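User: Please look closely at the side-chain contacts in this model. Which parts of the chain do they join, and how covered are the residues involved?

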Amino acid sequence: MTDESKPGSDGEIGLDLVAPELLAPALRRLTLAALGIGIGVGLLMALFVHWPIALATGLVLGAPTALYAVAVQRRRITVSGTVIRARTWRGERRLDLAGATAAEILVYPGKISRIVLRVTAGADTQVVPLAIYSDSGSGRELHILGLRKLADALAGCPLASALAISGLLVQQLRAEARDAVAEQRPLYRAVRMVRDRDQVAPVVLSDSDIADLAH
């Protein structure tokens with residue numbers, strides 16, 4: 001259920017559930033297909049209507065999908081030391097876990113459930129995806145190297161909640177390393193726990209929840 005990410009030349013470790021290099025070919029094809037459809041429809045419309053209308057129609061059909069694909073290609077979350085870097089189409093954001101003022105684990109329950117780490121440092125907040133699971137227990141989890149680096153970074157934070165989350169990630173790391181079944185993996189157990197409570201809205205795990213899951 002994991003996907004490895006190799007360290008960069010500057011020591012950065014990717015924290016994406018799916019490595020961007022795996023998505024890049026499909027996203028490039030999607031971009032070209034969207035542009036092709038937009039241009040094709042625009043040229044066809046130009047045979048029957050004025051060219052400004054044909055151009056606008058082509059842009060409406062092709063541009064949103066193409067722009068979305070380009071934006072997704074730019075997304076990247078990495079960690080180096082205690083610093084998390086998040087790159088999007090709008091630019092890059094940095095957050096130092098050593099100066100975090102809050103650290104939480106959130107579960108988004110549903111048929112496809114997500115569990116994430118949310119860290120706040122002053123006015124800045126960063127969300128790091130940890131895992132995504134289906135009802136059957138299959139899914140994708142943050143790879144071992146990413147878990148280790150994230151746990152180490154959280155251990156360097158003075159917050160008690162960050163230290164507790166670090167311990168939880170260490171247990172997840174150990175479970176992944178021995179290829180444990182889903183029910184023995186803390187992140188999956190957290191998702192099941194929230195589902196069993198019939199929660200619909202996103203849930204922030206309590207300190208006691210995290211302590212139970214880390215054992």
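Analyst: A residue is called buried under 20% relative accessible area, exposed over 50% and partly exposed in between (1.4 Å probe, protein chains only). The model is predicted, so local features need pLDDT of at least 70 and side-chain atom pairs pLDDT 80 or more, while totals for chains, interfaces and linings use all residues. Residues are numbered from 1 along each chain as its sequence is written, and side-chain values use heavy atoms, without hydrogens or water.

Ile-112 is a convenient starting point. Its relative accessible area is 53%, so Ile-112 counts as exposed. Ile-112 belongs to strand 6; strands (E, at least two residues) and helices (H or I, at least four) are DSSP runs numbered from the N terminus. Ser-134 lies 22 residues away from Ile-112 in sequence, yet their C-alpha atoms are 4.6 Å apart.

Strand 6 also supplies one partner of a salt bridge, that is, a side-chain nitrogen of Lys or Arg within 4 Å of a carboxyl oxygen of Asp or Glu. Arg-118 pairs with Glu-104, and their closest N and O atoms are 2.7 Å apart. This bridge links distant parts of the chain, since Arg-118 is in strand 6 (residues 112-121) and Glu-104, 14 residues away, is in strand 5 (residues 102-108). Arg-118 has a relative accessible area of 27% and is partly exposed; Glu-104, at 26%, is partly exposed too.

The structure holds 7 salt bridges. Some of them are connected: Glu-12, Arg-85, Glu-92 and Arg-94 are linked in a network. Within it, Arg-85 and Glu-92 form a bridge in which the closest N and O atoms are 2.4 Å apart. Glu-92 is partly exposed, its relative accessible area being 41%.

Another bridge lies between covered residues. Glu-141 and Arg-185 meet through their side chains at 2.4 Å, N to O. Here too distant parts are linked: Glu-141 is in strand 8 (residues 139-141), and Arg-185 is in the loop between helix 4 and helix 5, with 44 residues separating the two in sequence. Glu-141 is buried, with a relative accessibility of 0%. Arg-185 is likewise buried, with a relative accessible area of 4%.

The loop that carries Arg-185 also holds Asp-179, placed between helix 4 and helix 5 (186-196). Asp-179 has a phi near 55°, a positive value in a residue other than glycine. Most residues other than glycine have a negative phi. Unlike the buried Arg-185, Asp-179 is exposed, with a relative accessible area of 62%.

Asp-179 follows helix 4. Helix 4 spans residues 160-177, 18 residues in total, and reaches 26 Å from its first C-alpha to its last, close to the 26 Å expected; the expected span is 1.5 Å times one less than the number of residues. The buried residues of helix 4 are Ala-162, Ile-165, Ser-166, Leu-168, Leu-169, Gln-172, Leu-173, Ala-175 and Glu-176. An α-helix has 3.6 residues a turn, so residues three or four places apart point the same way.

On the other side of the loop, helix 5 takes part in an aromatic contact. Aromatic rings pair if their centres lie within 6.5 Å (Phe, Tyr, and the six-membered ring of Trp), with planes under 30 degrees apart called stacked, over 60 edge-to-face and the rest tilted. The count comes to 1 such pair. Tyr-133 and Tyr-188 have ring centres 5.1 Å apart and planes at 75°, so they are edge-to-face. Tyr-133 is in strand 7 (residues 124-134) and Tyr-188 in helix 5, so the contact ties together parts that are 55 residues apart in sequence. Both tyrosines, Tyr-133 and Tyr-188, are buried.

A further ring contact involves a charge, counted as over a ring if NZ of Lys or CZ of Arg is within 6 Å of the ring centre and within 35 degrees of the ring normal. Arg-114 lies over the face of Tyr-108, 4.3 Å from the ring centre.

Two leucines complete the picture. Leu-47 sits in the loop between helix 1 (20-46) and helix 2 and is exposed, with a relative accessible area of 66%. Leu-59, within helix 2 (residues 51-74), is partly exposed at 49% relative accessibility. Leu-59 and Val-41 are 18 residues apart in sequence and 9.4 Å apart in space, C-alpha to C-alpha.
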